Amino acid sequence: MEKSSNKLWLRDVNWSAFSLLVVTIVLCVFLDRKFDTFWTYQNMYSIVQEISMECFAIFGFTFLMIMGEIDLSVGAVYAFSGYFVAYLMAFGMPVWPAIVCAILACALIGVVNGTLVVRFRLNSLMMTIGMMLLMLGLRDVLSELMGGSTLKSSYRAIARVEIGDVRVTIIAMIAIILVLEFLLRKSAAFKKIYYVGENLTSATIYGIRAGRIKVLTFIASSVGAGIGGILATSHVSAANVTTGDKLEFKMVTAAILGGCSLFGGKGSIANSALALLFLGIVVDGMVKYDVEVLIQQLVIGIILIIAVYVDTLMNKEKIEY
Amino acid sequence: MSDDSTFLQIQGVSKRYGVIQALDDVSLDVRKGEIHAVLGENGAGKTTLMRIIKGERTPDSGSVILDGKEIRRFDPHHAHSLGIAMVHQELAIFENMTVAENIFPSTDFVTCGIVDETCMYERAREALVSFGVDIDPRAPMANLTLAEQQVAEILRAISLEKKLIILDEPTSGLKSKETEALIRNLKKLSAQGITILFISHRIPEILSLCDRVTILRDGQYVETMDVAGVTEDQLITRMVGRGLESLYAHKQVRDIDRGEPVLEARNMGRRRSIQDISLSLYEGEILGVFGLEGSGTTELSKAMFGLERLDTGELYMRGEKLPRITSDRLIRKRVVYLNDNRKKAGLFLEMTAADNMAAPALRKLSRFWTLSARAVREYTRKFIETFNIVVETIRSKPKHLSGGNQQKLMLSMCLGTEPDCIIVNEPTRGIDVGAKAEIHRILMELSTGGTSIVMFSSELPELISLADRVLVLKDKRLSGEFIGRDITEESIMAAAVGQAA
């Protein structure tokens, strides 16, 4: 017995994505008014190129947040993978095998994260903080062993490959966003991610193998972060400790701004990527205003707190259960 | 012991949740010191009305007048300070604190910021004794059974100086002895001039306890009657707007071919919950499983569907042993499970009805790994029509539906996969009589069509009117099996409490 109603399309609008889009546009218009250099191809290109590498880490991260889990080791994996490639190459390994090895190492990290969270019911927040510390330690060991030597040119060339004047990282980012967003909306397999996030037990009752999906997603998260880190390191001349620094917090901020919820069940790839772009523009705007780096950190912190507050407000009912 | 002065006045209260009109211009008067029952099917608006009185929800229009003063601030703390207490349907307890701390959670017995523990434990002990329960006030709350926790929660509401006490289905988890004690205590309170609002599905309780009863139907006020001289049938007729005849179909003894079982469980055991249980289910049979609380029925149902791990035991499908008991394997073998607590699991409350329906049937509804929106829509509509589920559109969320409709949606989700065998768990818990009858009819039709059903239920009338065979659990073990005419309330109860050999 379905009753008809005309106003329902209003409910289907994704308000968090919509408001983020509006805020981003308003911010762009504002910065364009203030600075001639803002709305130029060059400036936009550099913002997009900057996030194109970090964006690799947000895909798996978003999937995990939809399932109500979190992976705070992304920043450390991002930092580690570049070092690992450089380290292997220092032993004479050619660039592509070194990259494959690094990605496999990252996959292994994902397997460990996922297995411990799923099989032994460890809290993913604490588990991945542990993994973060562990990976940062490993990165420091590698850094010690290499002693600041510059990267081989064959490695440095990778992030600089261009297709028709556009960096390949940007093209890959856009392609992946489109493909994953399509899959998330249409494919039956990706739909399961939402079911698991909304209610784990219900999903299990209806035959969805939640544990397997979670382990796979943890692997996707680590591998994504690893690829991003490999590209980001390739982009600079020597592996250094600022790569991936505090990236996990940027990921949480972007994912929540993009409509993910700490309570699971919500989120989308395109919106997380949009939120990452928004953060990139905010940082760019602050640089143009000569805001000190310390204050920039403060602003990002405030944005995260506001985003979490809005998330809590919107999920009030779910908390009351 | 009621005097005629009006204590609580509800005037034209309306409340809307989205597009569901939970309350529509409801007015009623409650007299000082009376025990006033509120009766209605699930989704009739009883709980919403109580929550407004307790200040947990703000009405869209209308007013609530307490003791001559209109309540303008709808806030639970404010209501608390006005002397209103409420026991919710769902327990709100502090598991890691003692029973006494649960009974007196606020700032009682405090001098200079220090809690007088001796006094608190003494008062708690008195309260528990008056209830006729043997619970140590110093015991941690988590060690109590569900029924005992409920007693503690009721004591919390009635122990303090209160003027109005609201009880939302307080007896649903209580045994008859505890229910009697509750009724005794409530009568004592009402004699002291305390007003009590009492929500219950159990009409006999209302008849024995209450002074007056107000009936709500579909969010609207129907009638307030004096309980004296009213019969159960009269109340049900007003509640559902129809007679009782169709409620319990007479069960006839059916011929079941008990040759090869469809589903067979052997020696299922799990430390502290079930011991060495074996059962067989045959084609087209409804097998009832009954047990009192703590007997292991819930654990057995979960274990049979792989939701709880077993220490020992095997499951056979048509003679073939399952290598491991997991829910996804069972679903592929066409076994489905209806969960007992639909709020906790079984539904995706925040997703659309269509998404809910699609969850168990993803493979069936997709082509080339992509979910076909049209197929999902048609599939959902088909079930909404067949099972008479009242939803606004297929995009409405289950959290906005009434209990009966949620239950029917959940059952549709299970049936969508065209199962051979269904494990149902409390299929009609907390839903109204109308929906109950419908679900019973659906289950009967399924079994006639050859589907085998294991029905875990704590409602004897349900088991007696539906089951072809009933197994009884006592103390984690099988204690009885009854077929056909041997299934009676007396025989089942005797096996469950252990009077039978």
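This report describes a pocket, two helix contacts and the strand pairings in a predicted model.

## The second largest pocket

The volume of the second largest pocket is about 1,200 Å³. Its lining has 33 residues, and those closest to its centre are Arg121(A), Thr204(A), Gly306(B), Arg309(B) and Arg324(B). By class, the lining of this pocket has 13 charged, 11 nonpolar and nine polar residues.

Elements of chain A and chain B contribute to this lining. In chain A, helix H5 (95–119), helix H10 (200–205) and helix H11 (210–235) each supply at least two residues. In chain B, helix H9 (297–304), strand S16 (312–317) and helix H10 (327–332) each do so as well. H11(A) gives the largest share of the lining, five residues.

## Helix contacts in chain A

Helix H8 (residues 168–186) and helix H9 (residues 188–198) of chain A have axes 6 Å apart and pack at an angle of about 75°. H8(A) and H9(A) are therefore roughly perpendicular to each other. From H8(A), the residues Leu180(A), Leu183(A), Leu184(A) and Lys186(A) meet Ala188(A), Phe190(A) and Tyr194(A) of H9(A). This contact of H8(A) with H9(A) consists of six nonpolar residues, one charged residue and no polar ones.

H9(A) also packs with H11(A), at an angle of about 110° and with the axes 10 Å apart. That angle makes H9(A) roughly perpendicular to H11(A). On the H9(A) side the contact is made by Lys192(A), Ile193(A) and Val196(A), and on the H11(A) side by Ala210(A), Ile213(A) and Lys214(A). Four of these residues are nonpolar and two are charged, with no polar residue in the contact of H9(A) with H11(A). H11(A) is also the helix that gives five residues to the lining of the second largest pocket.

## The six-stranded sheet of chain B

Chain B has an open sheet of six strands in the order S18-S21-S22-S15-S23-S24, with mixed pairing. Strand S18 (335–338) and strand S24 (477–483) stand at the edges with a single partner strand each, so one side of each has no neighbour in the sheet. On average, neighbouring strands of this sheet are turned by 15° against each other, direction ignored.

The edge strand S18(B) runs parallel to strand S21 (residues 421–425) of chain B, and four bridges join the two. Val335(B) has Cys421(B) in S21(B) as its bridge partner. Helix H15 (residues 433–448) of chain B packs on the sheet and touches strand S15 (286–291), S21 and strand S22 (452–456) of chain B. The direction of H15(B) makes about 145° with that of S22(B). Helix H17 (residues 489–497) of chain B packs on the sheet as well, touching S15, strand S23 (469–474) and S24 of chain B. The direction of H17(B) makes about 25° with that of S23(B).

## Strand S16 and its partners

S16(B), which helps to line the second largest pocket, pairs with strand S13 (residues 263–270) of chain B through five bridges, and the two run antiparallel. Here Glu264(B) stands opposite Tyr316(B) of S16(B).

S16(B) is also joined by two bridges to strand S17 (residues 320–321) of chain B, again antiparallel. Met317(B) has Glu320(B) in S17(B) as its bridge partner. S16(B) and S17(B) form a hairpin with two residues between the strands, where Arg318(B) takes a positive phi near 45°.

Note on methods: Residues are numbered from 1 along each chain as its sequence is written. Chains are lettered from A and ligands numbered from 1 in the order in which they are written. This is a predicted model: local features need pLDDT of at least 70, side-chain atom pairs count only at pLDDT 80 or more; totals for chains, interfaces and linings use all residues. Side-chain values use heavy atoms; hydrogens and water are left out. On a 1 Å grid over the protein atoms alone, a cavity is a set of points where a 1.4 Å probe fits but cannot get out, and a pocket is an open set with protein on both sides within 12 Å along at least five of seven lines; lining residues have an atom within 4 Å of a point. Grid points are joined across faces, edges and corners, and a volume is the space filled by probe spheres set on the points. Ala, Val, Leu, Ile, Met, Phe, Trp, Tyr, Cys and Pro count as nonpolar, Asp, Glu, Lys and Arg as charged, and the others, Gly among them, as polar. Axes are lines fitted to C-alpha atoms, for helices over the stretch in contact, and angles run from 0 to 180 degrees between N-to-C directions. Angles under 35 degrees count as roughly parallel, over 145 as roughly antiparallel, 65 to 115 as roughly perpendicular and the rest as oblique. Contact means heavy atoms within 4.5 Å. Two strands pair if DSSP finds at least two bridges between them.
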